Amino acid sequence: MQIWAVGGGKGGTGKSFVTSGLGVCLAERGLKVILVDADFGGANLHTYCAVLKPGHSYGEFVRGSAQLSELILETPVPGLSIIAGDLNSSGTNPMTYALKVKFFRQLKKLQADVVLLDLGAGSHHKTLDVFLEADRMIVVTVPERMAIENLYVFIKSAFFRKLSPLFTKAGIRNEAREIWARRSDFNLSSMEEFTDYLSGHYPEFGQLYGEAMRDFRVHIVLNKVRDYRQTETGFAVKSMTEKYLGIPASFAGHVRYDRDFWDRLLQDQVCLSRVSAARIMVDMCRVTDRLSEGASLRPGVSGETG
Ligand SMILES: Nc1ncnc2c1ncn2[C@@H]1O[C@H](COP(=O)(O)OP(=O)(O)OP(=O)(O)O)[C@@H](O)[C@H]1O
Ligand SMILES: [Mg+2]
């Protein structure tokens, strides 16, 4: 079983849409998929799946009254189910360390081929911690300057969050902080040069860093594209991530802007799959194929019984 997380800095870029679109496309390929609404400020993932009044929600897990496996709701799409977000949430992310451990322990036991996590907006460390635990780290942006800046902050913050325990383990927390603060004195102009410098001077850190980063890759989805030329933005974000942060990144493709799509979804109260003739879903399924490449997804490779 694999866990895929969908995040990205800015609100409203289409994280929830992309999460549910991926779910529909993977389920249509015969995989058993569970969507999890992990947005504590604005749970709405269920709406994309025509589950309009969820009978259970993630809030029950947070309050300790149910296991994740007891919260799974069917959707109209065969093979696709959902754990809905907490509609009564105060908007505060409740993901303490202890809850995160319990959350992932139970997630890994769910009977599914892929579990998709829809994260909330922003770069709060609690959101980043969930993002960093996933097998596939997917970020969504739109081709607008503000969104790209926020995405860059999100990726950079996730990277720092990943590095931080390595500094502690290697016993160089203070040295790393000092070198980063005076990076221009050290002629370090990017994160990559910073980590290269540390790896060269502190072999223990170098080894830990190599191990931690072996599978670290960010997959970029560019949503709400109105003009084909805007797809360049996806490649630009990829280059920026690789050049300045030294993080391997892939551009998984773009999804066109569809002005009528949300109206159609709400008016007809259909699941995303019913608008699958729409070009938006054609794009979504192409993105799904790219994200699945190399992921060794096979139907029936599920977790243990929950
Ligand atoms: N490709 C698209 N074309 C047209 N509308 C879209 C597209 N993708 C998303 N939308 C619309 O944009 C709005 C925001 O989408 P969505 O809720 O998925 O974003 P989000 O990133 O999850 O937001 P939040 O940060 O608030 O959780 C919704 O009204 C959605 O229907
Ligand atoms: Mg959302």
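Helices H6 and H9 lie roughly antiparallel to each other, at least in this predicted model. Their axes come within 9 Å and cross at roughly 150°, and that is over the 145 degrees needed to count as roughly antiparallel. Elsewhere, eight strands build an open sheet with mixed pairing, and there is a largest nonpolar core of 82 residues.

**The H6/H9 pair**
- H9 covers residues 203-213, while H6 spans 145-169.
- The crossing of these two helices is right-handed.
- On the H6 side, the residues that meet H9 are Lys162, Leu166 and Lys169. Their counterparts in H9 are Phe205, Leu208, Tyr209 and Ala212.
- As background, residues three or four places apart on an α-helix point the same way, because there are 3.6 residues a turn.

**The sheet**
- Reading across, the strand order is S3-S4-S2-S5-S1-S6-S7-S8.
- S3 (73-74) and S8 (249-256) sit at the edges with a single partner strand each, so one side of each has no neighbour in the sheet.
- S8 pairs with S7 (residues 218-225) in the parallel sense, over six bridges. In that pairing, His219 has Ser250 of S8 as its bridge partner.

**Strand S1**
- What flanks S1 in parallel? S5 is joined to S1 by five bridges, and S6 pairs with S1 over four.
- To place those pairings on the model, look for Gln2 opposite Val114 in S5 and Val6 opposite Ile138 in S6.
- Five of the six S1 residues are buried, so the strand is largely enclosed by the rest of the structure.

**The core**
- Which members of the largest nonpolar core touch the most other members? They are Ala5, Val33, Val115, Leu116 and Leu117.
- H6 gives the most to this core, with nine residues.
- Leaving aside neighbours within four places in sequence, Ala5 is in contact with Leu117, Leu119, Val130, Phe131, Ala134, Met137 and Ile138.

**Helix H5**
- Two of those Ala5 contacts, Val130 and Phe131, turn up again among the buried residues of H5 (residues 125-133).
- Lys126, Thr127 and Leu128 are also on the buried list for H5.
- The buried residues of H5 pack against strands S1 (2-7), S2 (33-38), S5 (114-119) and S6 (136-141), and also against helices H4 (97-108) and H6.

Terms used: Residues numbered from 1 in each chain as written. Chains lettered and ligands numbered in written order. Predicted model: local features only at pLDDT ≥ 70, side-chain atom pairs only at ≥ 80, totals over all residues. Buried ≥ 20, exposed ≤ 12 C-beta atoms within 10 Å, placed from the backbone. Contact = placed C-beta atoms within 7 Å. Core = buried A, V, L, I, M, F, W, Y, C linked by C-beta atoms within 7 Å. Pairing = 2+ DSSP bridges. Axes fitted to C-alpha atoms, helices over the stretch in contact; angles between N-to-C directions. Parallel < 35°, antiparallel > 145°, perpendicular 65-115°, else oblique. Left-handed = near helix turned anticlockwise from the far one by under 90°.
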